[in-house]
Structure formats: structure tokens, C-alpha cells
Amino acid sequence: MITRPTQRVLLVESDTGLASTIREIFNDQGLYAFVLSHVRTMEDAERHLASHAVDIVLLDFALADAVGQEAVTRTHAAAPEVPIILLCDESEENTARVALL
């Protein structure tokens, strides 16, 4: 039996439908095994990051309790060594790019 590397992913996404779609995409991967945890708010993300190790954060750029740069700053403060991938629509792309600098 081949053991697949496990990646721990925190999905911070307020839209439950989109979160469900993202979960399905991760479930269909063959090369890695993913453990995907989903929270809907920045506050819940900070709590999760304080008590769970993760390998990557998928971050909604427009949460109800943290938008844009604030969401990135708070995520980075909670998990400074963890890579962040921003989830945004086309209209937010330039702002998101600046937020990651």
C-alpha cells in the first residue's frame, strides 16, 4: 500500500456552496491526501490556527469580519509561516495582489 503525503488545508470561506465545491475538488486528488477544515469567519480561522497545525490557508478575500488586507494581516499574524492563497473574484485581483506584498 502506497502512503500518500497528507496536506492540512484550512479553508476560510463564507460561501458554503463554494466551500462545498472546493472540498469536492480536494477530495478528487490522487497524488496527495488532503485534510480540509472549513471555517466561515476570520475569528473562527484565528481560533483554528491557534490550536491546529496547517500546511496552507485558502482565504476568502471578503469575509464578513475581515476584508482585504485585514484578512491577510490577521491570517499572517495567526500563522506567520503558513502560505496563504487568496480566493477573490476578478474585480478584487489587483487589490489582492497588493495585499500579499
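Is His 48 buried or exposed? In this predicted model, His 48 is buried, with a relative accessible area of 13%. The legends below begin with the whole chain and then turn to individual elements and residues.

**View 1. Overall arrangement of the protein chain, which holds 4 helices and 4 strands.** The model shown is predicted. Along the sequence, the elements follow the pattern β-α-β-α-β-α-β-α. The protein chain has 101 residues, of which 34% count as buried. Among contacts with a separation of 6 or more, 73% come from residues 24 or more positions apart.

**View 2. The open sheet, with strand order β2-β1-β3-β4.** The sheet is formed by 4 strands, and the pairing is parallel. At the edges stand β2 (33-39) and β4 (84-87); each has a single partner strand, so one side of each is left without a neighbour in the sheet. From one strand to the next, the twist averages 20 degrees.

**View 3. Strand pairing within the sheet, beginning with β1 and β2, which run parallel.** These two strands are joined by 7 bridges, and Val 9 stands opposite Leu 36 in β2. The pairing of β1 with β3 is also in the parallel sense and extends over 4 bridges. Here Leu 10 has Val 57 in β3 as its bridge partner. Strand β3 (residues 56-60) pairs with β4 in the parallel sense, over 4 bridges. Opposite Val 57 stands Ile 84 in β4.

**View 4. Helices α1 and α3 packed on the sheet.** Helix α1 (residues 16-27) touches β1 (6-12), β2, β3 and β4. The direction of α1 makes about 170 degrees with that of β2. Helix α3 (residues 69-78) touches β3 and β4. For α3, the direction makes about 155 degrees with that of β3.

**View 5. The packing of helix α2 (residues 42-51) with α3.** Two packed helices are described by the angle between their axes and the distance between the axes. For α2 and α3, the angle is about 15 degrees and the axes are 9 Å apart. Angles under 35 degrees count as roughly parallel, and α2 and α3 are therefore roughly parallel to each other. Their crossing is right-handed. On the α2 side, the contact is made by Met 42, Glu 43, Glu 46 and Leu 49. Helix α3 contributes Ala 71, Arg 74, Thr 75 and Ala 78. Sorted by class, the contact of α2 with α3 has 4 nonpolar, 1 polar and 3 charged residues.

**View 6. The surroundings of Thr 75 in helix α3.** Thr 75 has a relative accessibility of 1% and therefore counts as buried, the limit for this class being under 20%. Not counting residues up to four places away in sequence, Thr 75 touches Met 42, Leu 49, Val 57, Leu 59 and Ile 84. Two of these partners, Met 42 and Leu 49, belong to the α2 side of the helix contact, in which Thr 75 itself takes part. Val 57 and Ile 84 are the residues that stand opposite each other in the pairing of β3 with β4.

**View 7. His 48 and Arg 47, both in helix α2.** His 48 has a relative accessible area of 13% and is buried. Leaving aside neighbours within four places in sequence, His 48 is in contact with Leu 10, Ser 37 and Val 54. Of these, Leu 10 is the bridge partner of Val 57 in β3. Arg 47, by contrast, counts as partly exposed, at 47% relative accessibility. Arg 47 and Ala 78 are 31 residues apart in sequence, and their C-alpha atoms are 8.7 Å apart in space.

**View 8. Ile 85 in strand β4.** At 39% relative accessibility, Ile 85 counts as partly exposed. Leaving aside neighbours within four places in sequence, Ile 85 is in contact with Ile 56, Val 57, Leu 58 and Leu 59. Val 72 lies 13 residues from Ile 85 along the chain, with a separation of 9.6 Å between the two C-alpha atoms. The strand that holds Ile 85, β4, stands at an edge of the sheet.

Notes. Residues are numbered from 1 along each chain as its sequence is written. This is a predicted model: local features need pLDDT of at least 70, side-chain atom pairs count only at pLDDT 80 or more; totals for chains, interfaces and linings use all residues. Side-chain values use heavy atoms; hydrogens and water are left out. Two strands pair if DSSP finds at least two bridges between them. Axes are lines fitted to C-alpha atoms, for helices over the stretch in contact, and angles run from 0 to 180 degrees between N-to-C directions. Contact means heavy atoms within 4.5 Å. Angles under 35 degrees count as roughly parallel, over 145 as roughly antiparallel, 65 to 115 as roughly perpendicular and the rest as oblique. A crossing is left-handed if the near helix is turned anticlockwise from the far one by less than a right angle, and right-handed if clockwise. Ala, Val, Leu, Ile, Met, Phe, Trp, Tyr, Cys and Pro count as nonpolar, Asp, Glu, Lys and Arg as charged, and the others, Gly among them, as polar. Buried means under 20% relative accessible area, exposed over 50%, partly exposed in between (1.4 Å probe, protein chains only).
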